[in-house]
Amino acid sequence: MPVWLKVVTAVVSVAMIGGIAFAGFWFLRLQINISKAPLNAGGGNNEQVSDATGRMQILILGSDTRDGENAEYGTADDSRGYGKSDVMMMMDISEDNKRVSVISFPRDLLVDIPECKDEETNQVYPARSGVMINEAMAEAGIGCAVDTVNQLTGLEVDHFMMADFTAVKELSNAVGGVEVCISDAVYDPDSRLRLPAGTSAVQGEMALAFLRTRHAFADGGDLGRIKAQQGFLSSLTRKIKDDGTLSDPGRMLKIADVVTQNLTVDEGLASVPSLLTIGNRLKDIDISKVAFVAVPTTPALADPNRLQIAEPAGSQLFAALRQDVDLTDPTAPSPSPSETSAPPTAAPTETAPPLPPYDKAVQPVTVANGTGVPGRAQEIVQALISGGFTQAGQFEATAVEQSVVYYGTDFADVAADVAAVLGIPAAQMVPAPNIAGVQVYLGTDFTTGITYGAPAALPDDIVNQTAKDASCQQANPALIVQG
């Protein structure tokens with residue numbers, strides 16, 4: 001072998017060994033950084049999902065824990081147990097990787113928390129009603145927050161990511177600051193936020209203060225805080241896309257290192273390849289299709305200082321999410337329930353002799369509410385009454401995925417007319433000899449409107465902004481700095 005070839009071979013070998021060692025070092029470092037916790041706390045999604053394909057929901061949490069480096073923001077008494085979720089957002093990635101919806105849940109929102117089990121201690125905590133949503137993980141851990149969101153929305157969260165205060169500071173430093181805008185100069189002594197009017201680049205402590213402040217924006221409430229957080233994330237998204245960070249391995253390693261040191265994820269996401277796969281899914285999405293939304297709310301009847309879901313807007317939003325509607329363009333086609341799930345059984349196909357006419361007003365028709373939306377059956381009963389079935393009744397039932405019209409012996413013709421009133425396909429009519437008359441069993445595929453399969457109605461202006469939009473927050477008049 002010529003000397004020059006030996007030299008070249010040696011250099012290439014050393015380079016390859018060095019590259020493998022470098023990659024191995026970073027893989028192990030990032031893997032060691034990751035902390036993990038159970039996805040659920042007694043219910044929810046037990047299915048294994050593919051990180052590379054398929055629709056995916058990730059619950060993103062910001063913890064208010066004061067342990068370790070977070071002690072400077074308060075005492076341990078300020079965040080009992082596992083800590084509360086200072087921020088709660090659900091990121092919904094479409095199957096075709098062309099859009100993302102980020103849904104924010106106000107921390108003051110009153111919800112029902114299901115029974116949850118602490119997987120570390122095996123202690124079971126009973127279900128509770130009318131509790132602030134940020135309390136969900138304080139006792140039984142992050143999985144209880146996941147189960148609460150599943151119950152509230154009718155979706156099944158696939159993964160979660162929880163970061164603490166330090167993660168926010170380090171991420172903002174790693175990207176070289178994030179531009180934010182505010183209408184007037186403000187100072188909030190509680191969060192230590194101090195900003196001039198106009199646009200500023202914030203990082204480190206000031207970035208954290210911008211996201212934490214409870215009083216600096218709008219009327220000093222939770223909804224103004226959410227809009228500011230969404231504006232921050234929009235700006236961060238634009239910067240990462242414009243800088244080409246997602247396509248730059250060096251920058252990605254730097255960001256991954258600082259984030260994973262302060263990140264807790266579920267077991268299914270607790271690997272470097274999984275995190276990289278999800279990052280790869282996001283890198284080519286048009287930022288005009290990254291929609292930021294806040295759950296519609298209204299002051300709670302039980303406590304005007306808290307919030308509750310505003311109806312019907314809340315149910316409309318959750319129904320649209322379940323139907324995979326493009327929130328930036330609700331008129332765009334999306335898979336209909338009849339296309340995405342098979343009927344429980346095929347309808348009879350044999351030809352039957354014509355039946356004599358019947359009187360709709362005396363037919364026994366009941367509506368079973370299996371949608372998970374309280375009071376949903378009443379709307380369908382009214383539609384049936386308008387259609388002539390004046391004896392329609394209703395009751396609450398166990399939640400199911402698909403709506404079905406069950407009918408008893410000699411009621412096939414009545415069932416067909418009931419299904420026609422509601423637009424339910426004939427393939428979802430099922431004979432059930434034990435049922436007296438006809439029963440419409442509503443599923444989670446029919447939570448809004450009176451026509452099955454119709455596009456979900458959405459509240460006006462449900463999208464606060466997209467990642468393409470630069471927004472300027474309105475300062476709270478009480479904290480404006482004069483001069």
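Analyst: Quick vocabulary first: helices (H or I, at least four residues) and strands (E, at least two) are DSSP runs, numbered from the N terminus. The model here is predicted, so local features need pLDDT of at least 70 and side-chain atom pairs count only at pLDDT 80 or more, while totals for chains, interfaces and linings use all residues. Residues are numbered from 1 along each chain as its sequence is written, and side-chain values use heavy atoms, with hydrogens and water left out.

User: Okay, big picture: how many helices and strands are in the chain?

Analyst: The chain has 483 residues, and 47% of them count as buried (under 20% relative accessible area; exposed is over 50%, partly exposed in between, with a 1.4 Å probe and protein chains only). As for the elements, the count for the chain is twelve helices and 23 strands.

User: Where is Arg-107, and which residues does it touch?

Analyst: Arg-107 sits in the loop between S4 and strand S5 (110–113). Its C-alpha is 6.6 Å from that of Met-132, although the two are 25 residues apart in sequence. Contact means heavy atoms within 4.5 Å. Leaving out residues up to four places away in sequence, Arg-107 touches Ser-85, Asp-86, Met-132, Ile-133, Asn-134, Arg-214, Asp-222 and Arg-225.

User: Is strand S3 enclosed or open, and how many of its residues are buried?

Analyst: Strand S3 covers residues 85–93 and is largely enclosed by the rest of the structure. That's because of its buried residues, which number eight of the nine.

User: Which strands pair with S3?

Analyst: Two strands pair if DSSP finds at least two bridges between them. Strand S2 (residues 56–63) runs antiparallel to S3 with eight bridges, and Ile-60 stands opposite Met-89. S3 also pairs in the antiparallel sense, over five bridges, with strand S4 (residues 100–104), where Val-100 stands opposite Ile-93. So the partners asked for are S2 and S4.

User: Which residue in the hairpin of S3 and S4 takes a positive phi?

Analyst: The hairpin has six residues between its strands. With a phi near 60°, the residue is Asn-97.

User: What is the strand order in the open sheet of five strands?

Analyst: The pairing in this sheet is mixed. Its edge strands, each pairing on one side only, are strand S19 (393–396) and strand S21 (429–431). One parallel pair in it is strand S20 (residues 404–407) with S21, joined by three bridges, and there Tyr-406 has Val-430 as its bridge partner. The full order reads S19-S18-S22-S20-S21.

User: At what angle does helix H11 run to S18?

Analyst: Axes are lines fitted to C-alpha atoms, for helices over the stretch in contact, and angles run from 0 to 180 degrees between N-to-C directions. Helix H11 (residues 376–386) lies across strand S18 (365–369), S19 and strand S22 (438–442). Helix H12 (residues 412–422) also packs on the sheet, and its direction makes about 35° with that of S22. For H11 and S18, the angle is about 155°.

User: How far apart are the end C-alpha atoms of helix H6?

Analyst: The expected span of a helix is 1.5 Å times one less than its number of residues. H6 has 21 residues (222–242), so it should span 30 Å. The distance in the model agrees with that, at 30 Å.

User: How many disulfides does a search of the whole structure find?

Analyst: A disulfide is a pair of cysteine sulfur atoms within 2.5 Å. Cys-116 and Cys-144 are joined, S to S 2.1 Å, and Cys-181 and Cys-472 are joined with sulfur atoms 2.0 Å apart. The search of the whole structure gives a total of two.

User: Is the disulfide of Cys-181 and Cys-472 left-handed or right-handed?

Analyst: Cys-181 lies in strand S10 (residues 178–182) and Cys-472 in the segment after strand S23 (463–466), so the pair ties together parts 291 residues apart in sequence. Cys-181 counts as buried at 15% relative accessibility, whereas Cys-472 is partly exposed at 43%. The torsion about the S-S bond is about -65°, so this disulfide is left-handed.

User: What is the torsion about the S-S bond of Cys-116 and Cys-144?

Analyst: Cys-116 and Cys-144 are both buried. Their disulfide is right-handed because of its torsion, which is about 80°.
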